[in-house]
Amino acid sequence: MKGGRDLHLVGLSHKSAPVAVREKVALTTDDLKAALSSLVARSGVGEAMVVSTCNRVECYVYGESLDEARHFFLSRTIEAEGHLYAHSGPEAVRHLFRVAASLDSMVVGEPQILGQVKEAYGLAASVQTAGTFVSRLCNKAFATAKRVRNETEIARGAGSVSQVAVELVEKIFGDLKGRSVLLVGAGKMGALSAKALRDLGADRILVTNRSPERARSLARDIGATAEPWEGLTSLLAVADVVIVSTGAPTYVITRELAGQVMKARRGRSICFIDLAVPRNVDPACGQMDNVYAYDIDDLQKVVHQTHAARAEEAIRAEAIVEAEVMAFAREREARAALPVLAELRRKAEQIARTEAERTLAHLGEKLDEKGRRSVEAMAQAIVNKLLHGPTARLKEAAASGDSDLPGAAAALFGVEGQEPPRPRTPPTSPADAAAPTEPLR
Amino acid sequence: MSLQVLRFAALFYAGTATAYVLFFARPRHTALATVGQWLLAAAFLVHAAAIGLGCKEYGGAEFFGLRGGLVFMTWLAAGALLILQRLYRVPAIGAFVAPLILVVLLPTLFLVKPDFPEVLPEAVRRPMLTIHVVTALLGVALFAIASLVAVMYLLQEREVKGKRFGALFLRLPSLHTLDLLNQRLVRLGFVVYTIALLSGSGMAKVVWKSAWQWDPQQVSSLVIWMIYGTMVQLRHTGWHGRRFAMLTIGAFVLVVGSIATLNFLPGVTRHAGDFSGTRK
């Protein structure tokens, strides 16, 4: 590219660096703002943006080399050396697009990353280190992420055990309003799932444990009611979802118990989610009518399936990213041809105006206002018609990556083809930045 | 004339079924469900026009034949589906019911030979007959939809219990929703069918001079009524889910079986055929 400026990226992520290194380079928002400002203050840096999440820190620089981006990390900790990856040009563009589309995430397809990239861009825009280029780049990245979400199934399915449990329960009971959840045992994962179910509208969470103190303390933690262990059978008659995670070496919910419970429930459906190893719920319970029983392996299997399906969808997503990277490069090149066009048109219009004025001066009063306007319109029309063909062809040539034609045109018509100096004051908000001003359409 | 309009309605049903099935296949395109809903409403209205025109042409005698019965029943089913979608918003059901409506309606578009008396005899021209025909057909339509919902329940239960969590798992509504719908449809169908049975007996008393004649149609209707009545009762004693779904399907198979036997074996029943009241 002209002027030697391009996108450069240096970063580290869960793939390249252990958390011990990642936490050393992680920044607070205020640190980030200061770091961004000092980045663009350095020579050879036009624009800058830093994406910082718990899984990655990446420094994007639109400038002459990637040294400044590398310095950003090494000035923080020397340990980063050896864990950094660096890309330039289209490689860097592709990387950002993949990150935004959640293709580089630890759990591929997780939805948070797009928001985090948006935040990073918003921050860079707020301290005015994101200019026209970064704005265009980010908008394309967001559009790509949206396409990937809409056109592939990458974000589908449940990515974690408690998510699977929640989906299952929803498919059995539908609306969770008015349902109660019973937590048997004080396992951590059980508490997590119970919380997730309450967030979905489950009315009541009951906790029971062999040790009443632990039941009480867990109940306090998650806002549930502690119930005595001796009343398990009657609790089971009330609860709809039962999450079991005790340390007991045998079945806590036996088939006989489940049979009794179902009689007391008059057949109302019940769902056991057994998170314990060794198992606490007899799998034979699941064979009874309206009893649904799942163990940790069942849930884990779904998680694996989801991941496998997402890996498959990722291939399609990569193709979309590839297409968008190419499109971004083409748009950029097309824009590079625009200065020549703008100059050409400016010159032609100037000639037309001078000539029209001269003619009108000759004719003097012989023309009324209408006549004068016709002459001006004619001059403008000649310019438009003459330039129409060359304009189209130049844009085409630029779009297909041919940089010879714009150069030849510049030489032929005797105009300068340099990119006009960009204003150093970038837009103040992302919304403004999203609509970059172009010299010519 | 009414036939042309009916064919037009069938086109709309085809559109409805396509939209719902496509929505079922690609649940992310929620617009398809909306399109299905509107097409269904349009089909229902056009269908109503066809029925209105038919009444003008044949003076209502049309609905004494199997063909007219099917035309009217599919219309009632479409109306029921329309209300169901408004009340419960489960477009997945449309993917099952709309194709069935189309399939049942199709033969009536080509089977145009009139299979009904030219003019309704004076003896049966009573409001009670209208009530009987409408409720009987509505009852069967509701039982049909209930059995499709039951099929959906069994499919979803297979997914949930079999720990498969595949495409069907995602697309079908929750077991609770399906079970509840099934129950409500059966209950409503039973009430409507009861009215049909009572008005039918009333008509028998007028035409045949006796409310109970051991006519095969009467016997099968009573058996079906008792089965559905038992189901409504069983529900109160905790029967639900899989067993209830299987019962719903089984009962409807009986309904279809009795309709088919009684209509295709000539001379078995005097229902809708013998208005003389002379048999004694």
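This report walks through a predicted model of a complex with chains A and B.

## Confidence and overall make-up

The predictor gives the complex an ipTM of 0.83 and a pTM of 0.70. Chain B averages a pLDDT of 87. In that chain, 91% of the residues score at least 70.

Chain B has nine helices and zero strands. Its pattern along the sequence is therefore written with helices alone: α-α-α-α-α-α-α-α-α. Of the 280 residues in chain B, 42% are buried. Contacts in chain B often span long stretches of sequence: among those between residues at least 6 apart, 81% join residues at least 24 apart.

## The four-stranded sheet of chain A

Chain A holds an open sheet of four strands. The order is β2-β3-β1-β4, and the pairing is antiparallel. Strands β2 and β4 (85–88) are at the edges, and each pairs on one side only. On average, neighbouring strands of this sheet are turned by 15° against each other, direction ignored. Helix α2 (residues 29–41) of chain A packs on the sheet. The helix touches β2 and β3 of chain A, and its direction makes about 155° with that of β2(A).

Strand β3(A) has a partner on each side in this order. With strand β1 (residues 6–13) of chain A, β3(A) pairs in the antiparallel sense over eight bridges. With strand β2 (residues 45–52) of chain A, β3(A) pairs over seven bridges, also antiparallel. One residue of β3(A) appears in both pairings: A:Gly63 is the bridge partner of A:Asp6 and of A:Val45. Strands β2(A) and β3(A) also form a hairpin, with three residues between them.

## A strand covered on both faces

How many of the eight residues of strand β3 (residues 56–63) of chain A are buried? Eight of the eight are, so the strand is largely enclosed by the rest of the structure. In a regular strand the side chains alternate between the two faces of the sheet. Both faces of β3(A) are covered. On one side A:Arg56, A:Glu58, A:Tyr60 and A:Tyr62 are buried. On the other side A:Val57, A:Cys59, A:Val61 and A:Gly63 are buried.

## An enclosed helix

Helix α4 (residues 90–100) of chain A has nine of its eleven residues buried, so this helix is largely enclosed by the rest of the structure. Among the buried residues are A:Arg94, A:His95 and A:Arg98, along with A:Leu96, A:Phe97 and A:Val99. Just after α4(A), A:Ser102 takes a positive phi of about 65°.

## The six-stranded sheet of chain A

A second open sheet in chain A has six strands, in the order β7-β6-β5-β8-β9-β10. Here the pairing is parallel. Strands β7 (225–227) and β10 of chain A stand at the edges with a single partner strand each, so one side of each is left without a neighbour in the sheet. Neighbouring strands of this sheet are turned by 20° against each other on average, direction ignored.

Five bridges join the parallel strands β5 (residues 180–184) and β6 (residues 204–208) of chain A. In this pair, A:Leu182 stands opposite A:Leu206. Helix α8 (residues 188–199) of chain A packs on the sheet and touches β5, β6, β8 (241–244) and β9 (270–274) of chain A. The direction of α8 makes about 175° with that of β5(A).

## Nonpolar cores

The largest nonpolar core has 130 residues. Which of them touch the most other members? They are A:Leu183, A:Val242, A:Val244, A:Phe272, B:Ile145 and B:Val149. Helix α5 (residues 127–161) of chain B gives the largest share of this core, 18 residues. Leaving aside neighbours within four places in sequence, A:Phe272 is in contact with seven residues named here: A:Val242, A:Val244, A:Ile253, A:Val281, A:Cys285, A:Tyr292 and A:Ala293. Apart from this core lies another, of 57 residues, including A:Val25, A:Val117, A:Cys138 and A:Ile320.

## Where the chains meet

At the interface, 15 residues of chain A are in contact with 15 residues of chain B. On the chain A side, α7 (161–173), β10 (291–295) and α12 (296–363) each supply at least two residues. The largest share, four residues, comes from α7(A). By class, this side of chain A has five nonpolar, five polar and five charged residues.

Terms used: Residues numbered from 1 in each chain as written. Chains lettered and ligands numbered in written order. Predicted model: local features only at pLDDT ≥ 70, side-chain atom pairs only at ≥ 80, totals over all residues. Buried ≥ 20, exposed ≤ 12 C-beta atoms within 10 Å, placed from the backbone. Pairing = 2+ DSSP bridges. Axes fitted to C-alpha atoms, helices over the stretch in contact; angles between N-to-C directions. Contact = placed C-beta atoms within 7 Å. Nonpolar A, V, L, I, M, F, W, Y, C, P; charged D, E, K, R; others polar. pLDDT = per-residue confidence, 0-100. Core = buried A, V, L, I, M, F, W, Y, C linked by C-beta atoms within 7 Å.
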